Amino acid sequence: MLPTVPLRRLAVFVSLALLPAAALADGEVNLYTTREPGLVKPLLDAFTEDTGIAVNTVFVDAGLPERVSAEGENSPADVLMTVDFGNLADLVDAGVTQPVASDVLDAVVPENLRDPEGRWYALSMRARVLYASKDRTDLDAFTYEELADPAWNGKVCIRSGQHPYNNALIAAYIAHHGEEATRTWLEGVKANLARQPGGGDRDVARDILGEICDIGIGNSYYVGLMRSGAGGPDQEEWGKAIDIVLPTFADGGTHVNVSGAALAAHAPNRDNAIRLLEFLVSEEAQAIYAKANFEYPVREGAEVDPIIDALGPLTPDTTLLTEIASHRKAASELVDAVGFND
Amino acid sequence: MSAIAATLRHPVAALKCGGACVWIVAAAATALLVIAPIVALGVIAAQGSGDAWSHLVAHVLPTATLNTVLLLAGVGVVVVFVGTGAAWLVTAYDFPGRRILDWALLLPLAVPTYIVAYAYLDLLHPIGPIQSAIRDILGLTSPGQLRLPDIRSVGGAIILLGFVLYPYVYLSTRALFLMQAAGLVDAARTLGASRRGIFFRIAVPLARPAIAIGASLALMETLNDVGASEFLGVRTLTLSIYSTWINQSNLPGAAQLALVMLAVVVLLVLIERWARRRQRFAGRSQRTAPPARQRLHGAPALAALGLGLLPIMIGFGAPAIHLVIQAMRRIEFAGLSDSILTEALNTVGVSLAATIIAVGLGLVVAYAARIDHGRIGGGLLRIASLGYALPGTVIAIGLLSPLAGLDNMVDGVSRDLFGISTGLLLSGSAAALIYAYVVRFLAVSGGGAEAGLSKVSQTLDHSARTLGETATGTLRRVHLPLIRPALGAAAILVFVDCMKELPATLLLRPLNFETLATHLYGEAARGTYEDGAVAALAIVLVGLLPVILLARLSGPVIPRQGRLNS
Amino acid sequence: MASAGQIIALRRPAAEMDQVLRPEQSDVVRLASVKPKPQPSAPPSLLVEDLSLSFGSIPAVDKVSLAIPAGDIVALVGHSGSGKSTLLRLIAGLERPDSGRVVINGTEVSGPNAFVPPERRGIGMMFQDYALFPHLSVLKNVLFGLRRVPAGEARERARQALDRVGLGGREDAFPHALSGGEQQRVALARAMVPGPDLLLMDEPFSNLDRRTRDIIRDETTAVLRESGTTTVVVTHDPDDAMRIADRIVMMQGGRFAQSGTAEELYQHPASLPVARFFCELNEIETACRNRMIATPFGDIPAPGTAEGTPVTVCVRPGDIQLFEPSVGDRTGRIISSQCLGETVLIHLAIDGLDRPLRVVAPADGAPATGRTVGFEVETGKLLVFPAG
């Protein structure tokens, strides 16, 4: 009647799986992350090797603030790590973080990349860049505003307008130009789309190779992942089919987003948690961010990977992350209003 | 005489319920388990959504509703057409390879929809193998010279989801075709009906309830799908719940939208049941023999085999072959991750535990509905099935506060009484995950148990009861042996569903607990599908065994009785 | 259906007409009071008091009362929808009454203070479809109700029961491999073997062909008599009822229409439906004129019946005598004649009647089709009811 599995083994399994996390011993730190495990693991392995502190992780996609908030005082979470700034803002809003007073963190992380009260710290940066066909385009410079230029009619690829990466870009656009101009811009970009928004950033490169479109928007680190061959020979080919331009706002710099972390409000292993946060901005960890993940380090003077370095000098837009975060809702509603994804 | 003695020994009040009470109470407790997260969502929704609805109504709902309706209608047509057609093919005709088709037609059940979406984008992309081959044949050199329709569209989503989900219809309809009285078919033939005539005039009308059950399962899966729809760029209502929640930071608005959708689904289900209220002919299966199959030879046999293989190739063969190739290349390139075995064990472990509980509770609610003659029990069965009509993440969000609330209460009491903190007993362990699976898939097990029980004549219950057996004893000695195949089939469906479940698993699992699905998602989320290929293949492989078991269980009804005889 | 050869003529004095036209509406039927050997000290095996159950607004069983002494076999008869099966299920505990009581051997099993589930009532029940467990062999079916009996003894008793119904040697067969008659016997053995205080049978013979049915019915009666089991049989077949039961209770619209011995119900039907149920009748619609009811068979005096009251006059096909050659004024023409074996069914056209009369006459010397014959009925054999 039911698939048969040795009952004893099942019993052992169930009893192990049902062990509550609170029973975990000290000398550990518990990490809830919306950052994909593949990107975090090399960092955590290095931390454990350095300190002997074991890191228990759970990768959560949507709902991290809701989960920590529901767990309340008994939450095992020590460090909350997020994939972009919007998530960090949500955590602070949900009241599940606590301020960190750490000279190390304050010294390493530039002021515009951390909360003045220490409730969050950015750990790495990436730029939202232009992928352009090597064969069919020849661009030296590009502005985000130009995405709406009718010259690109039927030639633009992009992932869903509601994806956090694009949501933040559109929110930044609002910060620069206001809602009405952003609406007009989105309508223009939509008119230029070669296909329905969807898939991932790397599908933009693939679609350019497939001649579905000529230009598109994607994150900078995907370029490294593709071109380095880390994603296999197919992706290497996609990466080589595109030129990268670091676009800017007409009146500003390149849109960057950050991954970051915060100390959980009821962290049971508070000291270990702060050690982990401090480790993540150490030279060793920042080098991993740069080499393994192809991100821009937040630490002054830390080297970026040669592939990323070759993209040219990054001039980050100076709009405050908190201001961008405040326009997220408006950005999402504009995407709906112009039917961007339809 | 013993009855009188027994009566005298027991207090009158205890006897008033007649054994049915225990079952009703148990069914009510089960319904409560399911309703808890929905109530929690109601509480969240009641916090007020601000101006969300004016925005939703103006800019989101018209398109999202249209997309959702198109998607559901399209998938509905595909699953009914393919599922019913395939079932008729293997029950009405005999041809070389039919026995393999019999079970192979179930294979797409093993493949999660999001994996199919990833695989097909690879396969059908302009630079993918299929279009490249076409270009080579046509002598074209550049992808720009030949533009084929993009799979990333409503049409693409309909085809992909339809060909992955048709086995739900195939499964229920095939069982019904096998049970159809040969007498009916013979009668139709003596009245001059051709085989095709029998299909449209006898088989399909009789199978309508089974088709409806299968199609409603497939449509619920479609409605609650997130991964494939988002990937294929189809903006559905379920995705609107997500963007309202995540991008507009409006969880109450998202909860309201989810509850409105739930209400609409419940309404549609009620209308559908009402429309079928007179169709109670499905259960009469006494003394039937499967109609004799028409033997095909030569070209017709080949055509039949080809026709049967087509949905298998689309829904299973092509994506599975692609995954095998990708996984092999990946293993060559990066080696085999040592965590894959642990993840597979985790997956099987939680799925198995959830399956056992879901089938047990499904049996409880279905049996309570039966012995209560569908008064209170019927209502409880419907309530217990609500979880299937909600997206996984929404259920998970709904579960967070009841689970953690219970945990913190237990912890508080324990601290007060014993000075020991119990921490998060449920939400800090895989128990939360198992609970979520049970809530989500109780409709499948309860429905399976109900369908099985409906084929057991009520006089068997009465017979057992008047022979001195209690309601519980009757279940054990009469019903369980008789509905074992139906229950086994339901168990396997639940197991496969649990194994593929992603959104609730992501949100509710404890620390350091990866399943194959979460591993795959972790890779897919950062765009490295190829790293997930091994996990994807593992999901398909782990799902394959139960699906083959299922095919054996859902075999012909009559030979099974013959086996009992031996 | 009763065949004509078994019909016993009933002479009804015209003086009883008044009573027939206003039948007694008694719901309480004290069968014990008419039992030949009443045992006032022993409680009845089954006592039903004012039992009612409605499905929605439709009363299925409406305030019926009944007492059955130990060892009696009572048949509940009536058309489908009359409430007989519901009453049986109420007695079994498969339904809960809205009001009223069921008492088995002095213990209240359904009532305001108690509801004993069917498994604790000490009853046995047989079903129309036999309800054999398809996954259990014949022997295991019979053993099903013997769980509290030690295994060895249970086996012995089950084998004996199967031997008694002539199924020794078929212990290992499965139900679907048995004929209808064999299935019925397994069901009987299974219901009887736990030694129930009360046996309930729901249409136990209706799924059998006519010949098998006669044999099985006689066998079943013999088994019941031998064991002295108090039995309630529900049937829609008057033949079953008359052959098997000590008493017959006819139900109509959830109430008792009449009860008594087979002879009483057949010969003295209290109402037109009861009369119709037990025999196929020739019915003639007429009315009372000058305290007389005019019929083709002569006028019947009807003292006390109001002028113009419409009545139905019934005559059984076997009560009509034919004469050849015709004498007197009562003549008719034979328009068809069908041989039924020992008897013939004749359709007789009579002036003044729209439809021909059906007459059952001995086959020996029956007049041929087309002949004109005389006919006669003793007025005492005519049944007169208020128009139905």
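This is a conversation about how to read domains, contacts, sheets and packed helices in a predicted model.

Visitor: Let's start with domains. Into which domains is chain A divided?

Guide: Chain A has two: domain 1 covers 7-124 + 257-305, and domain 2 covers 126-255 + 313-337. Their centres, taken over C-alpha atoms, are separated by 28 Å.

Visitor: How many residues does each domain of chain A bring to the contact?

Guide: Domain 1 of chain A brings 12 residues and domain 2 of chain A brings 15. On the domain 1 side, the elements giving two or more residues are α4 (85-93) and β9 (256-264) of chain A. The most comes from α4(A), with 3 residues. Sorted by class, that side of domain 1 holds 5 nonpolar, 4 polar and 3 charged residues.

Visitor: And which domains does the assignment give for chain C?

Guide: Chain C gets domain 1 (9-277) and domain 2 (282-386). The C-alpha centres of these two domains of chain C are 37 Å apart. A record is worth a look here too: an unreviewed UniProt entry places the feature "domain: ABC transporter" at residues 46-278 of chain C. That span is 34% helix and 28% strand, and its end C-alpha atoms lie 26 Å apart.

Visitor: Now the contact between chains. How many residues do chain A and chain B each put in?

Guide: Chain A contributes 63 residues and chain B contributes 76. On the chain A side, at least two residues each come from α1 (7-17), α2 (37-51), β2 (54-59), α3 (64-71), α7 (201-209) and α14 (328-337) of chain A. The largest share, 6 residues, belongs to α14(A). The chain A side divides into 27 nonpolar, 20 polar and 16 charged residues.

Visitor: I would like to learn to read a sheet. Where should I begin?

Guide: Begin with the pairing: strands of a sheet are joined by backbone hydrogen bonds, in either a parallel or an antiparallel sense. Chain C has an open sheet of 6 strands in the order β8-β9-β10-β4-β11-β12, with mixed pairing.

Visitor: Which are the edge strands of that sheet?

Guide: They are β8 (123-126) and β12 (255-260) of chain C, each pairing on one side only. Going across the sheet, neighbouring strands are turned by 20° against each other on average, direction ignored. Helix α5 (residues 180-192) of chain C packs on this sheet, where it touches β8 and β9 (198-202) of chain C. The direction of α5 makes about 170° with that of β8(C).

Visitor: How many bridges pair β11 with β12(C)?

Guide: Strand β11 (residues 247-252) of chain C pairs with β12(C) over 5 bridges, in the antiparallel sense. To find the register, look for C:Gln252, which stands opposite C:Arg255 in β12(C).

Visitor: What is the strand order in the open sheet of 5 strands in chain C?

Guide: The order is β15-β14-β13-β16-β22 (chain C), and the pairing is antiparallel. At the edges stand β15 (298-301) and β22 (383-386) of chain C; each has a single partner strand, so one side of each is left without a neighbour in the sheet. Here neighbouring strands are turned by 30° on average, direction ignored. Strand β14 (residues 292-295) of chain C pairs with β15(C) over 4 bridges, and C:Thr295 faces C:Gly298 in β15(C).

Visitor: Which strands does β18 of chain C join?

Guide: Strand β18 (residues 331-339) of chain C runs antiparallel to β21 (residues 372-376) of chain C, with 3 bridges, and C:Thr331 stands opposite C:Gly374. With β19 (residues 343-349) of chain C, β18(C) is joined by 6 bridges, again antiparallel. In the hairpin of β18(C) and β19(C), 3 residues lie between the strands, and C:Gly341 takes a positive phi near 105°.

Visitor: Last topic: how are packed helices described?

Guide: By the angle between their axes and the distance between those axes. In chain B, helix α4 (residues 52-92) and helix α12 (residues 237-246) pack at about 150°, with axes 9 Å apart. Angles over 145 degrees count as roughly antiparallel, and α4(B) and α12(B) are therefore roughly antiparallel to each other.

Visitor: Which residues meet there?

Guide: From α4(B) come B:Ala52, B:Val60, B:Ala64, B:Thr65 and B:Thr68, and they meet B:Leu237, B:Ser240 and B:Thr244 in α12(B). This contact has 4 nonpolar, 4 polar and no charged residues.

Conventions:
Residues are numbered from 1 along each chain as its sequence is written. Chains are lettered from A and ligands numbered from 1 in the order in which they are written. This is a predicted model: local features need pLDDT of at least 70, side-chain atom pairs count only at pLDDT 80 or more; totals for chains, interfaces and linings use all residues. Domain bounds come from an automatic or database domain assignment. UniProt positions are given in the numbering used here, feature names are shortened, and annotations may be inferred rather than shown by experiment. Two residues are in contact if their C-beta atoms, placed from the backbone, lie within 7 Å. Ala, Val, Leu, Ile, Met, Phe, Trp, Tyr, Cys and Pro count as nonpolar, Asp, Glu, Lys and Arg as charged, and the others, Gly among them, as polar. Two strands pair if DSSP finds at least two bridges between them. Axes are lines fitted to C-alpha atoms, for helices over the stretch in contact, and angles run from 0 to 180 degrees between N-to-C directions. Angles under 35 degrees count as roughly parallel, over 145 as roughly antiparallel, 65 to 115 as roughly perpendicular and the rest as oblique.
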